[in-house]
Amino acid sequence: MKIEKVFGYQVLDSRGRPTVAASITLDDSSVHTARVPSGASTGAHEAVELRDSGTPREEKFYGGKSVFTAVAHINIKIAPALVGKVTALQEVDLAMKEIDPSLNHSGLGANATLAVSLAAAKAEAHSKNQSLARLFTPQGPLLLPMPMVNILSGGAHANRTLDIQDVLVLPHGAKSFSEALSWIVAIRELAAVRGREKGLVTHLVADEGGLGIPFDSIEDACSFVVSCIEELGLKPAVDVSLALDIASTQFFIDGKYELHNAKKSYTPAQFVDFIASLIKNQPIISIEDPFAEDDWSSWSNYAAIAPQQLQLLGDDLFTTSPTRLQRGITEKSANAILIKPNQNGLVSDTLRVLESAHEAGFKTVVSARSGETEDSWLSDLATGWKAQQIKVGSTHGSERTAKWNRLLEFEATEETKFAQPF
Ligand code: 2PG
Ligand code: MG
């Protein structure tokens, strides 16, 4: 099938901030639309998200965050290069690289390129009469990813109620995706009730749908979630383990890790020890960004002493970049990578990063952003790509449940297997 029209426009994300949508119309008149997400704790090495701040296109009521420049790039630069071509993700991505050869997509904007790339993937799936997940796994059971789900939010997502960004749970003892999700919903509900009883603020639903409950110490936040897991009759470390997103780049200031709520300041070497003791004392199976995005030596120092079964996960460290992943593999900085398509800017290149990670024996977690939309392509990608893990925030907010519901749809209607990465 051929591409008849490519069209970009501005929509809103779950924080009410502008983001880019793109639609591709094929010559059978079908329309394939994709919307891109946006982060808050954004890594310095991510592909460039174009916003209009300081440009003539800036829309005054959006505080510089409008995306009309990126939208114009779709309509004026990308569309003419694609109209009339056969729809194929690889070709579309290649055409955009020819228009803007920069590695970080600073010319067109990664928000423009990703919107078109995703729409192209959806259009190609349609042209083959497949779902987006089946475009990548045409045959055999679909591998449903293990959900890594936010219970407590802090950092940039919840006005720093916690020094770290998230306390999440991994229900690795569950036998099916739907059982895993039922445990998570129960843990989040109970955490809300117990938090309220203790007089902690729980009215706040944070950016990713988690609970914004303030704790001064990371250990106390972890123990609180563990107590909820136990109260439900689930066994910590056996049924459900903790996962933390430390998002430490956010509090790495002048070479020191500054925990404001805990009123503590650590040198990198001291912070390595701090993380090591946290991991010893709590049933944590995965830790993301324990060290800052360019503090490579702390990463490899800790990796050398970390328990073997611990998932040491790079988000801001790798920013879904092939070169940064390569460095991490060489320096043995981590053993897992967070895969965020909008950190990279193209679907095909994001898949290549995931494949290189798997080849190097790394685990992969396909991840949403804190600013999301009701689109559910992420669930198709995580499943079709056999990522084995997915992170989309909590179980509140339609932009989050859209992803969970897509996975429940696969489980209900397709032949599936539930990934067991732990
Ligand atoms: C992260 C993400 C999602 P953000 O740090 O992993 O939780 O946050 O999208 O704000 O970068
Ligand atoms: Mg992160």
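Okay, helix α6, residues 218–231: in this predicted model it lies across three strands, β5, β6 (166–170) and β7 (241–245). Against β7, the helix runs at about 145°.

Those three strands take us to the barrel. It's closed, it has 8 strands, and the order is β5-β6-β7-β11-β12-β13-β14-β15, with mixed pairing. From one strand to the next, the twist averages 25°.

So where does the ring close up? Strand β5, residues 146–153, pairs with strand β15, residues 388–391. That pairing is parallel, over 3 bridges. If you want one spot to click on, take M148: its bridge partner in β15 is K391.

Now stay with β7 and go to the metal. Which residues hold the magnesium ion, ligand 2? You'll find D245 and D315 coordinating through OD, and E288 through OE, with distances of 2.0 to 2.3 Å. Along the chain, the donors follow the spacing D-x42-E-x26-D. Look at the pair D245 and E288: D245 sits in strand β7 and E288 in strand β11, 43 residues apart, and they link distant parts of the chain.

Are those two buried or exposed? D245 has 1% relative accessibility, so it counts as buried. E288 is buried too, with a relative accessible area of 1%.

Next, helix α7, residues 268–281. It has 14 residues and spans 20 Å from first C-alpha to last, close to the 20 Å expected at 1.5 Å a residue. On the buried side of the list we have F271, V272, F274, I275, A276, L278 and I279. What covers them? Our friend α6 is included, along with β7, β9 (256–259), β10 (264–266), β11 (284–288) and α8 (296–305). Notice that β7 and β11, which carry D245 and E288, turn up in that cover as well.

Last stop, the front end of the chain. UniProt, in an unreviewed entry, places "domain: Enolase N-terminal" at residues 3–136. Over that stretch the chain is 37% helix and 18% strand, and the end C-alpha atoms are 21 Å apart.

Helix α3, residues 110–127, is the one I'd show you here. It has 18 residues and reaches 25 Å end to end by C-alpha, close to the 26 Å expected at 1.5 Å a residue. Why call it largely enclosed by the rest of the structure? Because 16 of its 18 residues are buried. After α3 comes N129, with a positive phi, near 60°.

That's my tour, over to you.

How values were computed
Residues numbered from 1 in each chain as written. Chains lettered and ligands numbered in written order. Predicted model: local features only at pLDDT ≥ 70, side-chain atom pairs only at ≥ 80, totals over all residues. Heavy atoms only, no water. Pairing = 2+ DSSP bridges. Helix = DSSP H or I, 4+ residues; strand = E, 2+ residues; numbered from the N terminus. Axes fitted to C-alpha atoms, helices over the stretch in contact; angles between N-to-C directions. Contact = heavy atoms within 4.5 Å. UniProt positions renumbered as here; feature names shortened; annotations may be inferred. Expected span 1.5 Å × (residues − 1). Buried < 20%, exposed > 50% of the residue type's maximum accessible area, 1.4 Å probe, protein only. Donors = N, O, S within 2.8 Å, 3.2 Å for Na, K, Ca; no water.
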